[in-house]
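Thank you all for coming. I would like to go through one protein with its ligand, beginning with the fold as a whole and ending at the binding site.

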Amino acid sequence: MNTQYRINKSVLELKVGDITEEDTDAIVNAANTRLSPGGGVSGAIHRAAGPGLWEECKKLGGCNTGEAKLTGGHNLKARYVIHTVGPVYSGSASDSKNLRNSYYNSLLLASSHNIKSIAFPSISTGIFGYPAKDASLIALQAIISFLEEHPEIELVKMVLFSEEDYQTYKSSLEKILKDRK
Ligand code: ADP
């Protein structure tokens, strides 16, 4: 399952899949503040990348919510992993700001390392409890605004882990694009 949309000069793709298998220049990890492997998508990325990823993460001194840090991809197909910490959902106004920052700062870091293609998981909507529909609107709006200013990123993929999440992101994206017309 997969759909592509053109945003300015770039492509935004929604797909169902396992992000550890992506061959984009970078994949994004929905990390925790210690940058330790943990569970969910982070555990899967660390397992697929091998122990060298945790060795590299240990040296970075953690990561604050909404910020992003870069490592190598180790045994992954992707050359880089961008680790970003999304908000633990609390229902307060800072949630959406932090989630937007996670996407925006990951893309900014990618751009500064000449990364042309990047794959995101649905940050914060698993263990961190962010409602998927709200999160999808914030994520997609952040990606679209970034691509409008930064054509140097050629491809952004949202890799959703279930068909249900894919449908949520697809209807949010169609709503955003329709409202922009
Ligand atoms: P967070 O702590 O930020 O909520 P999680 O890892 O718990 O992060 O979940 C984020 C999203 O990643 C969830 O939608 C989950 O289903 C999804 N996910 C888990 N494993 C993978 C994977 N291998 N590839 C892509 N998405 C995944």
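Before we follow the chain, a word on terms: helices and strands here are DSSP runs, with at least four residues for a helix and at least two for a strand, and they are numbered from the N terminus. Please also keep in mind that what you see is a predicted model.

With those terms, the protein has 5 helices and 7 strands, and, reading from the N terminus, its elements follow the order β-β-β-α-α-β-β-α-β-α-β-α. The radius of gyration is 15 Å, close to the 16 Å that the globule rule gives for 181 residues, so the protein is as compact as a globular protein of that length. Along its principal axes, the C-alpha trace spans about 45 × 35 × 30 Å.

Let us turn to the ligand. Where does the ligand sit? The space it takes is the largest pocket. There are 16 residues around the ligand, and those that come nearest are Asp 18, Val 41, Ser 124, Gly 126 and Ile 127. Sorted by class, this shell has 8 nonpolar, 6 polar and 2 charged residues, and its largest share, 3 residues, comes from helix H1, which covers residues 40-49.

Now for some individual atoms. A backbone N or O atom of Val 41 lies 2.7 Å from an oxygen atom of the ligand, while a polar backbone atom of Ile 19 is 2.9 Å from a ligand nitrogen atom. From Thr 125, an N or O atom in the side chain is 3.4 Å from an oxygen atom of the ligand. Taken on its own, the ligand has 560 Å² of accessible area, and the protein covers 89% of it.

Technical notes: Residues are numbered from 1 along each chain as its sequence is written. This is a predicted model: local features need pLDDT of at least 70, side-chain atom pairs count only at pLDDT 80 or more; totals for chains, interfaces and linings use all residues. Side-chain values use heavy atoms; hydrogens and water are left out. A residue is near a molecule or strand if one of its heavy atoms lies within 4 Å of it. A polar contact is a pair of N or O atoms within 3.5 Å; within protein, one must be able to donate a hydrogen and the other to accept it, and residues adjacent in sequence count only if both atoms are side-chain atoms. Accessible areas come from the Shrake-Rupley method with a 1.4 Å probe; for residues, only the protein chains shown count as cover. On a 1 Å grid over the protein atoms alone, a cavity is a set of points where a 1.4 Å probe fits but cannot get out, and a pocket is an open set with protein on both sides within 12 Å along at least five of seven lines; lining residues have an atom within 4 Å of a point. A molecule sits in a cavity or pocket if more than half of its atoms lie within 2 Å of its grid points. Ala, Val, Leu, Ile, Met, Phe, Trp, Tyr, Cys and Pro count as nonpolar, Asp, Glu, Lys and Arg as charged, and the others, Gly among them, as polar. The radius of gyration is taken over C-alpha atoms; the globule rule is 2.2 Å times the number of residues to the power 0.38.
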